[in-house]
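Trainee: I am new to this structure. Please give me a close look at one part, the largest pocket, and then show me what surrounds it.

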Amino acid sequence: MKREEIFEYVKKQYGTIPEYLWKSSPESAILRHKNGKWYAAILRVEKAKLGLKEEGTVDIINVKCEPDMVGLLTQTYGFLPGYHMNKKYWITMLLDGSVSEAKILDFLDMSYDLIDGKKD
């Protein structure tokens, strides 16, 4: 699934538009819940930084996840502990075709709902 497809989905589903916060990483975007908290981040990172063997970069999406699911998910190819996020609550999915569109959208929806439920 491509970042543009994700942006299209969240605009339609939640009225969210991507925010580009970092001059040093102009292609990296965050998706903010209507309550102001992030529910996803889409980044382009070097594969080596993710522990992948190949060279080059890959687009990833970070989403919030149920803590009891993180350990199991990260044993599946395409899922990694949250890159630059709290690894207990966030997972990273590769946007290189290794995770299905349906799964990406399911986890994106779950992340949105988890952020919605936060009371802090």
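Trainee: How do the residues of the lining of the largest pocket divide into nonpolar, polar and charged?

Mentor: The lining divides into 7 nonpolar, 5 polar and 3 charged residues. Here Ala, Val, Leu, Ile, Met, Phe, Trp, Tyr, Cys and Pro count as nonpolar, Asp, Glu, Lys and Arg as charged, and the others, Gly among them, as polar.

Some ground rules. The model is predicted, so local features need pLDDT of at least 70 and side-chain atom pairs pLDDT 80 or more, while totals for chains, interfaces and linings use all residues. Residues are numbered from 1 along each chain as its sequence is written, and side-chain values use heavy atoms, without hydrogens or water.

Now the pocket itself. A pocket is an open set of points on a 1 Å grid over the protein atoms alone, where a 1.4 Å probe fits and protein lies on both sides within 12 Å along at least five of seven lines; lining residues have an atom within 4 Å of a point. The largest pocket has a volume of about 230 Å³. Volume here is the space filled by probe spheres set on the points, which are joined across faces, edges and corners. The lining has 15 residues, and the closest to the centre are Ser-25, Leu-43, Val-45, Tyr-83 and His-84. Strands E2 and E3 each give two or more residues to the lining. E2 gives the most, with 6 residues. Strands (E, at least two residues) and helices (H or I, at least four) are DSSP runs, numbered from the N terminus.

Look at His-84. His-84 sits in the loop between strand E4 (79-81) and E5. His-84 is exposed, with a relative accessible area of 65%. Exposed means over 50%, buried under 20%, and partly exposed in between, with a 1.4 Å probe and protein chains only. Most residues other than glycine have a negative phi. Phi of His-84 is positive, near 60°.

Next, the strands around E2. Two strands pair if DSSP finds at least two bridges between them. E1 and E2 run antiparallel, joined by 4 bridges. Ala-29 stands opposite Ile-42 in E2. E1 and E2 form a hairpin with 5 residues between them. In that turn, Gly-36 has a positive phi of about 100°. E2 is also antiparallel to E3, with 7 bridges. One of these pairs Ala-41 with Asn-62 in E3.

E3 leads on to E5. These two are antiparallel, over 5 bridges. Ile-60 has Leu-94 in E5 as its bridge partner. E5 also pairs with E4, antiparallel, through 3 bridges. There Pro-81 stands opposite Ile-91 in E5. E5 is largely enclosed by the rest of the structure, because 5 of its 5 residues are buried. Trp-90, Thr-92 and Leu-94 point one way, and Ile-91 and Met-93 the other.

That brings us to the cores. A nonpolar core is a set of buried Ala, Val, Leu, Ile, Met, Phe, Trp, Tyr and Cys residues joined through side-chain atoms within 4.5 Å. In the largest, of 27 residues, Ile-6, Leu-31, Ile-61, Ile-91, Met-93, Phe-107 and Leu-108 touch the most other members. The elements that each supply at least two residues include helix H1 (3-14), strand E2 (38-46), strand E3 (57-64) and helix H3 (101-117). H3 gives the most to this core, with 7 residues. Apart from the largest core lies another, of 11 residues, among them Leu-43, Leu-50, Ile-60 and Tyr-83. Leu-43 and Tyr-83 appeared above, among the residues closest to the pocket centre.

Last, two buried residues outside the helices and strands. Cys-65 lies in the loop between E3 and H2. Cys-65 counts as buried, at 1% relative accessibility. Contact means heavy atoms within 4.5 Å. Leaving aside neighbours within four places in sequence, the contacts of Cys-65 include Trp-90, Ile-91 and Phe-107. Met-1 lies in the segment before H1. Met-1 is buried too, with a relative accessible area of 14%. With the same neighbours within four places left aside, Met-1 is in contact with Ile-6, Leu-95, Glu-101, Ile-104 and Leu-105. Cys-65 and Met-1 are 19 Å apart in space, C-alpha to C-alpha.
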